[in-house]
Amino acid sequence: MTPVAPGQAVLRIDLPAIVANWRDLGARHGAPVAGVVKADAYGLGAGPVARALRNAGCGTFFVAHLTEGLALRATLGAGSEIVVLDGFPPGADGDARLIPVLNHLGDVAAHAAAGSAAVLHLDTGMSRLGLDAREQAALAEDAARLRGLTLRFVMTHLACADEPDHPMNAVQAARFAAAVSRIAPGVKRSFANSSGIFLGEAFRSDLARPGCALYGINPTPGAPNPMRQVVRVEAEVLQVREIAEGDTVGYGASWTAREPRRIATVAAGYADGYLRALSGRSFGLLHGRQAPLVGRVSMDLTTFDVTDIEQARPGDRLALIGGDGNTPDDIAARCGTIGYEILTSLGRRYHRAYQEA
Ligand SMILES: *Cc1c(COP(=O)(O)O)cnc(C)c1O
């Protein structure tokens, strides 16, 4: 692996923590659990993440796009089951032996004619992908439409799993159970995402599909996070500047020092997924202390008030994300988004440092 370049920000990814989270989710589910590694494993690197999970015994991986599936097959080699959530036309996977998700009747017809192994997706309330109620009725009336397919699983996806009291959860469980018994009785079912695993017995299936919880995002918002933290983003302090009362910091001169302050300029910004919406609303961790973010986040640089952190020096590494009170979920809450978006926004210029098992 290439070494860290001077001034390069570091994205630390704790693979043993991801594996521990996967095992923990398996124990809670009480049934097999896949690894969802779409969008480059939520920005953390599909190759290293999937290899670590595969080595721990994970047999099935979900990606979103065909291209992600092809890349993952090249990484994992034969043996693992790789399911493509968006589906793909018969033959488009070449010899990669990917498994398409069938999201409408056209997919069903095409892959039945081709004799594919596939996952059948029944929509129960997302109105996004998956056979709608009318298509489900057509399948129930004419089971011959499925002839030729080897159905590995029949799946659905929860809309409100992170809100345990939302009535939609029970509605979807009932719709799914009814549809499976009419359309694909005896076929293995895949139901819960991360949060769904925490909803109880009615949401257990033959294969859960957790993504975010593997990566340390809280699958039970509103309750303490049961998952281990996985990610830490560190950027180098390029300078520590002494500024005088009345001096302003950054674009828009949006922050003014009321007294002499020491400002650390670090080499990461919104191009690295440290969102501009965090301006004035977050902090970094340096020498175990909180350094408030002052002024606006720029593309490549961010400024922190380190007046109270005497040891702060150029060359220090300040943690932008990760650590006490600064998890991806914490960061997300400060700028009106969710931890998923924080992780998948992390840019491409990091040095990625994987802690191996
Ligand atoms: C993204 C996705 C998942 C994983 O969801 P998390 O909330 O990250 O656990 C599972 N199933 C489908 C269909 C998805 O699109």
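**Notes on the predicted model: rings, helix α1 and a few buried loop residues**

1. The structure holds five aromatic pairs. For Phe, Tyr and Trp (its six-membered ring), a pair means ring centres within 6.5 Å, with planes under 30 degrees apart called stacked, over 60 edge-to-face and the rest tilted. Phenylalanine 176 and phenylalanine 191 make a tilted pair, at 5.1 Å centre to centre and 50° between the planes. Phenylalanine 176 sits in helix α7 (residues 167-183) and phenylalanine 191 in the loop between β8 (189-190) and β9 (231-243), so the pair ties together parts that are 15 residues apart in sequence. Elsewhere, ring pairs link Tyr42, Tyr215 and Tyr340 into a cluster.

2. Some ground rules before going on. This is a predicted model, where local features need pLDDT of at least 70 and side-chain atom pairs count only at pLDDT 80 or more, while totals for chains, interfaces and linings use all residues. Residues are numbered from 1 along each chain as its sequence is written, and side-chain values use heavy atoms, with hydrogens and water left out.

3. On the overall layout, the protein chain splits into domain 1 (15-215) and domain 2 (231-326), with bounds from an automatic or database domain assignment. The C-alpha centres of domain 1 and domain 2 are 41 Å apart.

4. Helix α1 (residues 15-29) is worth a look. Helices (H or I, at least four residues) and strands (E, at least two) are DSSP runs, numbered from the N terminus. α1 has 15 residues and spans 21 Å from its first C-alpha to its last, close to the 21 Å expected at 1.5 Å a residue (1.5 Å times one less than its number of residues). At the start of α1, a side-chain oxygen of aspartate 14 comes to within 3.1 Å of the backbone nitrogen of alanine 17. After α1 comes glycine 30, with a positive phi near 70°.

5. Which residues of α1 are buried? They are Leu15, Ala17, Ile18, Val19, Asn21, Trp22, Leu25 and His29. Buried means under 20% relative accessible area, exposed over 50% and partly exposed in between (1.4 Å probe, protein chains only). Their cover includes β1 (10-14), α3 (46-55) and β17 (351-355).

6. Back to the ring pair from point 1: phenylalanine 176 counts as buried at 1% relative accessibility, and phenylalanine 191 counts as buried at 1% too. Threonine 156, in the loop between β7 (150-155) and α7, touches both of them. Leaving aside neighbours within four places in sequence, the contacts of threonine 156 (heavy atoms within 4.5 Å) are His121, Leu122, Asp123, Thr124, Phe176, Ser190, Phe191 and Arg209. Threonine 156 is buried because its relative accessibility is 0%.

7. Arginine 209 has a ring partner as well: its charged end sits over the ring of phenylalanine 62, 6.0 Å from the centre. The cut-offs for a charge over a ring are NZ of Lys or CZ of Arg within 6 Å of the ring centre and within 35 degrees of the ring normal.

8. Two more loop residues. Alanine 161 lies in the loop between β7 and α7 and is buried at 5% relative accessibility. Not counting neighbours within four places in sequence, alanine 161 contacts Asn169, Asn193, Ser195, Gly196 and Leu199. Serine 80, in the loop between α4 (66-76) and β4 (81-84), is buried at 8%. Residues up to four places away aside, serine 80 touches Arg54, Gly59, Phe61 and Arg73.

Notes
Polar contact = N/O pair within 3.5 Å; in protein donor to acceptor, adjacent residues only side chain to side chain.
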